[in-house]
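Student: Please take one part of this structure and look at it closely. I would like to know how its aromatic rings are paired.

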Amino acid sequence: MNSIPLSGIVFACVFTAALVGMAIRRILPEEHLCTDVKETVRLSTALISTMAALVLGMLVSSAKSTYDARQNEVVEMSSEIVTIDRAMERYGPETGNIRSEFRRVVAEGVQRIWPAQSSLASERRPANKAETLVDQLEHLVPNDSTQVAAKSQIILQIIALRHTQWLMFLKSQHSSVPTPLLVVLISWLVIIFVGFGLFAPPNATIFVTLGLAGLAVSAAIFIILEMYSPFTGVMRISSAPLIEALSQMQR
């Protein structure tokens with residue numbers, strides 16, 4: 001979901017709902033605006049507001065957990081990349097070409113996930129070049145038992161890195177706000193703002209207050225959608241850990 005248009009739609013819906021509530025007030029008979037009616041509407045609005053607040057809090061917490069998990073996976077990948085490069089360096093000069101290819105694969109991966117041009121889409125599906133690196137390592141002929149152990153360890157580390165990449169890709173593909181839940185939440189917010197407008201006098205202070213309230217809830221929806229899409233948008237995860245890993249590999 002595109003967070004900016006959707007949060008804008010939410011703001012338009014809730015603010016329009018408040019205006020609709022004000023319009024309904026003008027056409028209602030006086031007996032529908034008595035104290036008992038006002039109290040009932042306010043209690044109902046308070047109940048729906050509580051449910052909406054609980055759902056918003058749940059979604060923010062879930063989205064933050066998702067965002068933090070993807071961020072930790074990027075940091076973990078960066079650490080694994082540096083570890084693999086150092087292990088190949090310790091193996092000996094025989095891995096020189098493989099290390100160069102490994103650096104190139106990492107650099108291409110960074111460009112795919114964080115493209116330099118904003119018009120390009122982020123591609124998080126891992127490329128198949130890691131298998132080529134494993135094949136090249138398999139063809140290495142160790143000179144002693146130390147290199148035998150190092151070769152096995154490097155291959156296992158590359159497989160573990162591959163596992164982390166696919167895990168991050170699959171989780172990012174299936175992490176999103178359930179559409180029915182989002183529709184229900186927006187419906188609740190619309191009902192709440194209709195209730196706000198129903199008993200609010202139409203003056204500038206009320207319009208500004210309702211506008212700020214609508215902006216607040218639409219900003220909450222925006223933050224939730226952004227954190228559920230951590231590799232795109234305004235709040236996307238930084239590529240700094242992988243850039244630092246690349247700089248370490250070039251030393």
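Tutor: Start with phenylalanine 231, which is buried at 2% relative accessibility (buried is under 20% relative accessible area, exposed over 50%, partly exposed in between, with a 1.4 Å probe and protein chains only). The model is predicted, so local features need pLDDT of at least 70 and side-chain atom pairs pLDDT 80 or more, while totals for chains, interfaces and linings use all residues. Residues are numbered from 1 along each chain as its sequence is written, and side-chain values use heavy atoms, without hydrogens and water.

The count of aromatic pairs is four (rings of Phe, Tyr and Trp, the last by its six-membered ring, with centres within 6.5 Å; planes under 30 degrees apart are stacked, over 60 edge-to-face, the rest tilted). In one of them, phenylalanine 231 meets tryptophan 114 edge-to-face, with 5.9 Å between the centres and 65° between the planes. These partners are 117 residues apart and link distant parts of the chain. Tryptophan 114 sits in the loop between helix H3 (96-113) and helix H4 (129-138), and phenylalanine 231 in the loop between H7 and helix H8 (240-249) (helices are DSSP runs of H or I, at least four residues, numbered from the N terminus). Tryptophan 114 is buried too, at a relative accessible area of 7%.

Another edge-to-face pair joins phenylalanine 193 and phenylalanine 196, at 5.3 Å centre to centre and 65° between the planes. Both residues belong to helix H6 (residues 179-198), where three residues, about one turn of the helix, separate them. Phenylalanine 193 is buried at 2% relative accessibility, whereas phenylalanine 196, at 37%, is partly exposed.

Note on methods
Helices (H or I, at least four residues) and strands (E, at least two) are DSSP runs, numbered from the N terminus.
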